[in-house]
Every structure is written in structure tokens, then in C-alpha cells.
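Visitor: I would like to walk through this model with you and ask how each label is earned. Could you show it to me?

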Number of protein chains: 2
Amino acid sequence: MFSIGELSRRTGVKVPTIRYYEQSGLMEQPERSAGNQRRYSVAALERLSFIRHARALGLSIDDIGELVELAADPERPCGEAHAIASAHLSAVRARIAKLRKLERELKRIVGLSDAGCLGECSVIHSLADHRYCASEH
Amino acid sequence: MFSIGELSRRTGVKVPTIRYYEQSGLMEQPERSAGNQRRYSVAALERLSFIRHARALGLSIDDIGELVELAADPERPCGEAHAIASAHLSAVRARIAKLRKLERELKRIVGLSDAGCLGECSVIHSLADHRYCASEH
DNA sequence: TCTTGAACCTCTAGCCGCTAGAGGTTGTAG
DNA sequence: CTACAACCTCTAGCGGCTAGAGGTTCAAGA
Ligand SMILES: [Zn+2]
Ligand SMILES: [Zn+2]
Ligand SMILES: [Zn+2]
Ligand SMILES: [Zn+2]
């Protein structure tokens, strides 16, 4: 049995974050000491490690909640888990694509200023007007 | 003079968002009609267009506030504006790099399941444990 | 001129995923 | 037995909006 501080140390998840996960239903309500302090089992430690890693991979709290449920029920086919993961992969790819467009435009805008600005600032000028952009964003 | 709805139509920024920008100091307080409704000038229209485009490029409200001030003061050298833009470019690049790492891991994890899972789901298994990951994230 | 009704007003609360702080209680080591 | 770190709950804040309640104003048509 671990205190919340010990669980925090072992998983690298901050104490208030653990309480937040409990409050949002992602972590189960743990047992309590006589004085009402949380006491965690090894199972809770594993669950929190799963959550931490899934969060690090960018999955949402809701998705992780689904995955935790799916993991707990070995009878269910794992197609849903696969779907969540590949939907997330697609979302990540979409975000990358968007950011790359931004990167290209920003590179152009920042590059303009390397020549130095005479009079009006070319950075501010380019930021002001989308017509100078090469793509939508 | 435009009403807030007209300004919204002309810039593509939603009405509550315009009010939010005003409240956060990004848009100046406009004149008001006799009945207390907002009335915008062409200058306000241009300012909001600038804000919209800078937001579309991912700049924060705070950064845009700085840029708007810099733009309004043609005496100031534009080094600060360049600095904001290139710092933002760096931030975008950092985010891309992070997302690409995620993408690689997720691709691996999703790919595992293509073979089909016998017994334990390989997606859930991989999500649970960082040791199978090829990089930090 | 009067009447609709769309558009406007302010204010509050919610979204996500935490994080910070106040003010009080418990656990543990010396 | 005392001291103090660690715990407890509760509330509020971050960014960048978005939604809704409940009330007022504007402009077009009769
Ligand atoms: Zn410049
Ligand atoms: Zn553009
Ligand atoms: Zn599977
Ligand atoms: Zn990993």
C-alpha cells in the first residue's frame, strides 16, 4: 500500500494530477487510511503507469478511460482499442500537417526580415495580410 | 461604421470572439451607438484582420498584443517583432519534432495490431509500457 | 407610427488538463 | 509527546474561446 506521495514518486505523476485523475473517473477511488488518506495498491500503480504513458503519447483522458476499460475486460475483442489508437495517429498526423504549413509560412515571413526592414516592417506587413501566404492555414 | 455582426462577417471572426478580444485588451474599446451597441471603424476592421491572421499562424494573444503595439509605433525598430516571429517559428518547430516522435511510436503500436492480436491486445500492451518505445517522448 | 424579430447587450459558466493556494488534519520519526 | 512533512478538501486560475440566460436596441415592413 502506497501513499499518494509515494505513488507520485514511483510514477512521475504529480500528486494533484493523481487526484485530478480520480476526480475525473480515470483512476478508481482508492482505499483510505483510518485518517482518510489515500492508500494505493500495486494494481493502482500499474494503472497510473498506463495512464501516464498513454498521456505522454498524447491520448485524451476520454480515450484513455475507454482503453483502461477495454484492457480490464479480456473478453472483448480489441478492435475498439485499435480504432482509438489509429484515430489518434491520424489526428497526430493532421496536426503535423497543419504545423508544417505554419512552419513554411513563418519561415518565409521571418526570412524576409533577414534582409533588414526599410520603413515598414516586413514581418508585421506579412502577418497582416494572408494574400502573401503561399497556402491556406 | 460597422456593427459587431458586420465586422464579424467581414473578418470571419465570431461575434463572441470579438468581444473576448476586446475584453482581453487586444481590440480597443469601440465607440458605441446611442443604445450602447458597438460601432467599429475601418481601423478596427484592419486591426481585427491582423489579429485573425496572426492567430491563424498560431501566435498567442499576448504576442499579438505586442505586435499590434509595435505596428502602431513606426518609430520603434522592428527587432522585437522579428524576435517574436522567430521565437514562434522555433516553438512551432519544437512542436513538430515532438509530434513526429509521437507519430513514429504510434505508427509502430498501430502497426503491431495489423497482424491481429492473439490473447492480449498488442496495442494495449504497448501503450502500457514505455520500454517498447524507440525514443523518449 | 407601430410592430415585429433579428441582432445586440452583459454576465456567468463550461471546455481541457492540469496547477496553485488556502486553511485544516494526519502520520511518523525523534 | 512534539514537531513538521505530508496529507485532506475546496476553490480558482491558465488559454482561447464557446454557449446560454435574460434583457435591450435597431431597422424594415405594414
Ligand atoms: Zn522588420
Ligand atoms: Zn496566411
Ligand atoms: Zn489488439
Ligand atoms: Zn513510450
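Guide: Gladly, and please keep in mind that this is a predicted model. Let us begin at a metal site, the zinc ion (ligand 1), where the 4 donor atoms make angles of 99 to 126 degrees and the site is tetrahedral.

Visitor: What makes the site of the zinc ion (ligand 1) tetrahedral?

Guide: Four donors earn that word if all angles lie between 85 and 135 degrees. The angles here run from 99 to 126 degrees, so they fit inside the window and the site is called tetrahedral.

Visitor: Which protein atoms are the donors of the zinc ion (ligand 1), and how do you know that they count?

Guide: They are SG of A:C117, SG of A:C121, SG of B:C78 and NE2 of B:H82, at 1.9 to 2.3 Å from the ion. A donor has to be an N, O or S atom within 2.8 Å of the metal, so these four qualify. As for their surroundings, B:C78 and B:H82 are both buried.

Visitor: Which residues coordinate the zinc ion (ligand 3)?

Guide: A:C78 and B:C117 and B:C121 each offer SG, and A:H82 offers NE2, at 2.0 to 2.3 Å.

Visitor: Why is the pair A:H82 and B:C121 said to join two chains?

Guide: A:H82 sits in helix α5 (residues 79-114) of chain A, whereas B:C121 is in the loop between α5 (79-114) and α6 (122-128) of chain B, so the pair links two chains. A:H82 and B:C121 are both buried.

Visitor: What makes the arrangement around the zinc ion (ligand 3) tetrahedral?

Guide: Its 4 donor atoms subtend angles of 99 to 125 degrees. Those values lie between 85 and 135 degrees, so the arrangement is tetrahedral.

Visitor: And what coordinates the zinc ion (ligand 4), and why is that arrangement called tetrahedral?

Guide: The zinc ion (ligand 4) is held by A:H53 (NE2), B:H130 (ND1), B:C133 (SG) and B:H137 (NE2), at 1.9 to 2.2 Å. The angles among the 4 donor atoms are 101 to 116 degrees, and because they lie between 85 and 135 degrees the arrangement is tetrahedral.

Visitor: Are B:H130 and B:C133 buried, exposed or partly exposed, and how do you know?

Guide: Buried means under 20% relative accessible area, and exposed means over 50%. B:C133 has 12%, so it is buried. B:H130 has 27%, between the two limits, so it counts as partly exposed.

Visitor: How do you know how the two copies are related?

Guide: A turn of 180 degrees with a shift of 0.0 Å along the axis lays chain A on chain B with an RMSD of 0.0 Å. The copies are thus related as by a two-fold rotation axis. Within chain A, A:I96 comes closest to that axis, with its C-alpha at 3.0 Å.

Visitor: What makes the phi of A:N36 worth a look?

Guide: Most residues other than glycine have a negative phi. A:N36 is not a glycine, and yet its phi is positive, near 75 degrees. A:N36 lies in the loop between β1 (31-32) and β2 (38-39) of chain A. In chain B, B:N36 also has a positive phi, of about 75 degrees, and B:N36 is in the loop between β1 (31-32) and β2 (38-39) of that chain.

Visitor: Why are A:N36 and B:N36 called exposed?

Guide: The label needs a relative accessible area over 50%. A:N36 has 51%, so it passes, and B:N36 passes with 52%.

Visitor: What about A:A128: where is it, and why does it get the label it has?

Guide: A:A128 is in helix α6 of chain A. Its relative accessible area is 35%, which falls between 20% and 50%, so A:A128 is partly exposed.

Visitor: What is the volume of the largest pocket, and what lines it?

Guide: The volume is about 560 Å³. There are 18 lining residues, and the closest to the centre are B:S49, B:R52, B:H53, B:R55 and B:A56. α3(B) gives the most to this lining, with 5 residues. By class, the lining has 4 nonpolar, 8 polar and 6 charged residues.

Visitor: And how does the lining of the second largest pocket divide?

Guide: Into 12 nonpolar, 3 polar and 5 charged residues. This pocket holds about 440 Å³ of space, and α3(B) gives the most to its lining, with 6 residues.

Technical notes
Residues are numbered from 1 along each chain as its sequence is written. Chains are lettered from A and ligands numbered from 1 in the order in which they are written. This is a predicted model: local features need pLDDT of at least 70, side-chain atom pairs count only at pLDDT 80 or more; totals for chains, interfaces and linings use all residues. Side-chain values use heavy atoms; hydrogens and water are left out. On a 1 Å grid over the protein atoms alone, a cavity is a set of points where a 1.4 Å probe fits but cannot get out, and a pocket is an open set with protein on both sides within 12 Å along at least five of seven lines; lining residues have an atom within 4 Å of a point. Grid points are joined across faces, edges and corners, and a volume is the space filled by probe spheres set on the points. Helices (H or I, at least four residues) and strands (E, at least two) are DSSP runs, numbered from the N terminus. Ala, Val, Leu, Ile, Met, Phe, Trp, Tyr, Cys and Pro count as nonpolar, Asp, Glu, Lys and Arg as charged, and the others, Gly among them, as polar. Donors are N, O and S atoms within 2.8 Å of the metal (3.2 Å for Na, K and Ca); water is not among the atoms, so sites may look incomplete. Four donors count as tetrahedral if all angles lie between 85 and 135 degrees; four count as square planar and six as octahedral if opposite donors are over 155 degrees apart and all others between 65 and 115; anything else is irregular. Buried means under 20% relative accessible area, exposed over 50%, partly exposed in between (1.4 Å probe, protein chains only). Copies are superposed by least squares on the C-alpha atoms of residues with pLDDT of at least 70 in both.
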